[in-house]
Amino acid sequence: MEAFVKHIAKIFPCRDAFVRKLYQYYRTGDPFPPALYIYGQSSTGKASIAREVLRSDERGFRCAHINAISCYTNKILFETIARQLEGAELTQANNYSYDRKLEYVREFLAVLQQLNRAGSYVIVVQNAERLRDMSYNLLPMFLQLPEATGLNISVVLLSSLPFEKFYTKTGLPPIVKLFVPEYTRNEILRILMNDYTLHLERLVENGEPDKNTNRKNLDWLSDVTLEFHRNYVNLFLGTFWKVCRDIKELRLVAAECFLPYCEPLRDGTIPATDSMNLWRNITKTLKIALSTIYMRLGTQLTSSSRGISATTSTWMPQYIELPYYAKYLLIAAYLASNNATKEDKRLFVKNHGKQRKRLQTVNARAKVVEKMTTKLGPKAFNIDRLLAIFYAILDEKVGLTCNLMAQISTLVHLKLLTYTSVDRGSGTLDGSVTRLQCTVGLDFIMHIGRLVGFNVRQYLSDFF
């Protein structure tokens, strides 16, 4: 156990107690708890540590990792879980699709009951609070899987909400709860200190070649000691600690600001021991970083001074700079507006399976330009579908935070999206009620796609 905890601790510092708890519940050979509820703020390592500790192995331990945002229907949810627990691979032999359709709880339980009873199984559900908006019997079923299947099986629910928010009128079975606290200042300091080697590598990569030898002059790097880096991290946290507690964002910004912090050392204008002047030298850089800490591009959301209105159809995307995630949200909105809902699985689910080419299907797609979906105008979609597509096309993992939801409102304010219906009683961004439309054209969204390296046409049913 100690060796395992030390190995995980190297990957996720300051989470020894959490790792030990998971190990005791799932790696000691004892029967699993029917369900475990892990909650805490975003960016506290819940999902990453659970994925590392609960890895499938050859000893009969199988784990299914799913995201409740992407699996937004019972069918997708059940089929994804069953396939992972069975260890089934999607290949050409099975036509890249699961061989059964699981739409109801009884069908899902029947598949689980056919699993090897000598094995152990865990289902990890990220963003578990989304289950509250799905079928009423889904959550109670998950909390009682061992009783329903006779297996050593457990469900791990990951959420940022306390479990009290899940209670229904009939209540729910008891569940083991595990709280993951936010990182303290000293813990964040320790984590940022672990990036010392990465920061040095970036300094080497960004080193300028000497004019005479055409080789990189790296003699000044001898001044970038561990103590020098510790002083930088302490000063950095003194500025950012009250503004942001998200460790991923802090690591990103700390890496970006370290380069200009070391510029005077390379130029020889400020010695490494003069930390105060080094800090004053990057004051402007820090102000920009503070105002754009969640935007990923180092620039605020600004518009051109040429007076081009967002309401005109000729408004071009190069006159506005959107945050990184806002670009993907806008792409997801365009895809939701210009694809039929029934096409989502084929377009966005990995290894969805090949679609059989029937004659009526071929004829239906032999459209003239005037009848293409992208020419008929945008269709309305709800927030749930927008987020499902967003997570499907985004390569990295990001939590559903207030900042992300605020960017949807920003896109509406810029008139890139527009509301078609809003339930005033439940809030303007109620996932299943509020409906939106994307107002931009194909050329606009193609330009946005090129900025982030995303091929939009590949995910439009008109071009298949």
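Here are five short exercises on a predicted model, each with a worked solution.

**Exercise 1. Confidence**

Task: Find the mean pLDDT of the protein chain, and find how residues 297-316 score.

Solution:
- Start with the whole protein chain: its mean pLDDT is 81, and 81% of its residues reach 70 or more.
- Now turn to residues 297-316, where pLDDT stays under 50. For this stretch the model has 37 contacts beyond four places in sequence.

**Exercise 2. A covered strand**

Task: Take strand β3 and work out which residues lie on each side, how many are buried, and which strands pair with β3.

Solution:
- Locate the strand first: β3 spans residues 120-126.
- Recall a handy rule: in a regular strand the side chains alternate between the two faces of the sheet.
- Sort the residues by side. Ser120, Val122, Val124 and Gln126 share one side, while Tyr121, Ile123 and Val125 sit on the other.
- Check the burial: 7 of the 7 residues in β3 are buried, so both faces are covered.
- Look for the neighbours. Strand β2 (residues 61-67) pairs with β3 in the parallel sense over 7 bridges, and Ile66 stands opposite Val125.
- Strand β4 (residues 152-159) also runs parallel to β3, joined by 6 bridges. Here Val124 faces Val156 of β4.

**Exercise 3. Positive phi**

Task: Look at Ser43 and Asn127; what is phi in each, and is each residue buried or exposed?

Solution:
- Ser43 has a phi near 65°, a positive value in a residue other than glycine. Ser43 belongs to the loop between β1 (35-39) and α3 (46-53).
- With a relative accessible area of 13%, Ser43 is under the 20% cut-off and therefore buried.
- Asn127 has a phi near 50°, again positive in a residue other than glycine. This residue is in the loop between β3 and α6 (138-142), and at 13% relative accessibility Asn127 is buried.

**Exercise 4. An open sheet**

Task: Work out the strand order of the open sheet with 3 strands, and name its edge strands.

Solution:
- Read the order: β8-β10-β9, with antiparallel pairing.
- Pick out the edges: β8 (381-382) and β9 (417-421) each pair on one side only.
- Zoom in on one pairing. β8 and β10 (residues 435-438) are joined by 2 bridges, and Phe381 stands opposite Leu436.
- Add the helix: α14 (residues 324-338) lies across β8, β9 and β10, at about 100° to β10.

**Exercise 5. Charged pairs**

Task: Count the salt bridges, then say which parts three of them connect.

Solution:
- The structure holds 10 salt bridges. As background, side chains of opposite charge can pair when their charged atoms come close.
- Arg27 and Asp57 form one, with their closest N and O atoms 2.7 Å apart. Arg27 is in the loop between α2 (16-26) and β1, and Asp57 in the loop between α3 and β2, so this pair ties together parts 30 residues apart in sequence. Arg27 is buried at 18%, and Asp57 is buried at 18%.
- Glu256 and Arg202 meet at 3.6 Å, N to O. Glu256 lies in helix α11 (residues 247-267) and Arg202 in helix α9 (residues 196-205), so parts 54 residues apart in sequence are tied together.
- Arg266 and Glu263 meet at 2.6 Å, N to O. Being 3 residues apart in helix α11, they are separated by about one helical turn.
- Finally, salt bridges that share partners join Lys75, Glu79 and Lys345 into one network.

How values were computed. Residues numbered from 1 in each chain as written. Predicted model: local features only at pLDDT ≥ 70, side-chain atom pairs only at ≥ 80, totals over all residues. Heavy atoms only, no water. Buried < 20%, exposed > 50% of the residue type's maximum accessible area, 1.4 Å probe, protein only. Helix = DSSP H or I, 4+ residues; strand = E, 2+ residues; numbered from the N terminus. Pairing = 2+ DSSP bridges. Contact = heavy atoms within 4.5 Å. Axes fitted to C-alpha atoms, helices over the stretch in contact; angles between N-to-C directions. pLDDT = per-residue confidence, 0-100. Salt bridge = Lys/Arg side-chain N within 4 Å of Asp/Glu carboxyl O.
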